[in-house]
Amino acid sequence: MEKALVVGFGVSGKGATELLLRQGVEVSVYSDGKIDLSDYPQVKDASKSSEYEAVADKDFVVISPSVENTHKIVEYANRFSVPVIGEIELGYRYCKGGIIAITGTNGKTTTTKLINEIINAGNIKSYALGNIGEAFCARADKIEQDEIAVLEVSSFQLESIKQFRPRIAACLNVTPDHMERHKTIENYAMAKFNIFINQGMGDCAILNYDDKIVKDFCDDVCGEVFFTSANTEVKGAYLSNGNIVVNIDKKYDFMSVEDIPLKGEYNYQNVMTAILASKLLGIDDKYIKKAIAEFKLPRYRNEYIGCVNGIDVFNDSKATNIDSAIKACNSMQGDTSLIVGGYDKGIAYDGFFAKLPENIKHIIATGDNVYSIMQFLPSYHEYTFEITSSLERATELAMQKPVKNVLFSPTTSSFDRYSSYVERGEHFDMIIANMKN
């Protein structure tokens, strides 16, 4: 019987554990935090063992996305030549179905969900998995040959792949993020590029032509390359005179942006990626158009949540990086109070302040990274800047300003105070609901 060590026991770790148990593998789990194995009586807790004892008799180690390659368990596994793979890689080895994989700094979840809905509308069974919520491994070995796994994959997950080879892979964009782990934008970009690294003849890569980092990936991609662009005629899909044009085997107007419920250039990029992925899979145009027209954005993406005392309030808790927050700011019509702050990812905020549109009149910062933000505050600026201790107080201050909008767009991850951006978004919803009462 094979023996495996799973490192980390969150969503990915549990998914990997369950897959391995279904395959008859003897599983041990190692975690730096507390774990509850009451639902897994056959699983051993290796957390209190030495690194040597945890690794020595194992056939391989599976690491969760949160586990870095510098982790002491990974170092011991490498020292004793025990193979180390990620949860995405493990799922790939047991998945019989086709795989479409999506990465990028922003837009991954929207694009993954949209592709999944299009494929299901086209009468092919499809599953949205990965960084989107349900672990790939939770379902990978149950996916049949005529079914599709549409995977949202993060840079953390892509660091630990070995053979992972999606039939269709896309990178939406690359802007600075997760510098606390990757250290440099070059390292971060290379992690993203790994989504294409095992592709070859018969595979397809979809790249954002308007993003220089992503566009330049084409020089090293071995699959057939297709582009998306809001500005340039390309092989793939592009915007022209208010229409999305598809240019694969032939060039034709596919649909008007007026028929797309997702607005903004960045959303049109996501939609074009979904169109290309679906057409490359052979989905009929009528199913693609219908699914796009009926698509609803996932929650907490610049979501309008109501009017309080004449002020429109928007919940953009999913803005876990600067680029996403700036896009939300640019979408605001009228004077706006902006609430920012959260987990300190080691990102410089000079670019944030340089790109703020003029309609942002007040900034209220709360969270662990408030002083990291403040150190980049320009010596001259035309907005107020305040720091406060809680999201409740930040919201009160934002609502007291003479503005048309209040936008909660944190610019960073939620892990200083919340388990996820969803929990953070729910908290902001609750604060606003209480103000309405």
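**A six-stranded mixed sheet and its helices**

Q: What makes the six strands an open sheet, and in which order do they lie?
A: In this predicted model, six strands form an open sheet of mixed pairing in the order 15-16-20-17-18-19, where strands are DSSP runs (E, at least two residues; helices are H or I, at least four), numbered from the N terminus. Strand 15 (303-308) and strand 19 (384-387) stand at the edges with a single partner strand each, so one side of each is left without a neighbour in the sheet. Residues are numbered from 1 along each chain as its sequence is written.

Q: Why are strand 18 and strand 19 called paired?
A: Two strands pair if DSSP finds at least two bridges between them; four bridges join strand 18 (residues 360-365) to strand 19, so the criterion is met, and the two run parallel. In strand 19, Glu-386 is the bridge partner of Ile-364.

Q: What does helix 15 touch in the sheet?
A: Helix 15 (residues 391-399) packs on the sheet, touching strand 15, strand 16 (311-315), strand 17 (336-340), strand 18, strand 19 and strand 20 (405-408), contact meaning heavy atoms within 4.5 Å.

Q: Which residues of helix 12 are called buried, and against what do they pack?
A: Buried means under 20% relative accessible area, exposed over 50% and partly exposed in between (1.4 Å probe, protein chains only); in helix 12 (residues 322-331), Ile-322, Ser-324, Ala-325, Ile-326, Ala-328 and Cys-329 are buried. These buried residues pack against strand 17, helix 13 (350-355), strand 18 and strand 20.

Terms used. This is a predicted model: local features need pLDDT of at least 70, side-chain atom pairs count only at pLDDT 80 or more; totals for chains, interfaces and linings use all residues. Side-chain values use heavy atoms; hydrogens and water are left out. Axes are lines fitted to C-alpha atoms, for helices over the stretch in contact, and angles run from 0 to 180 degrees between N-to-C directions.
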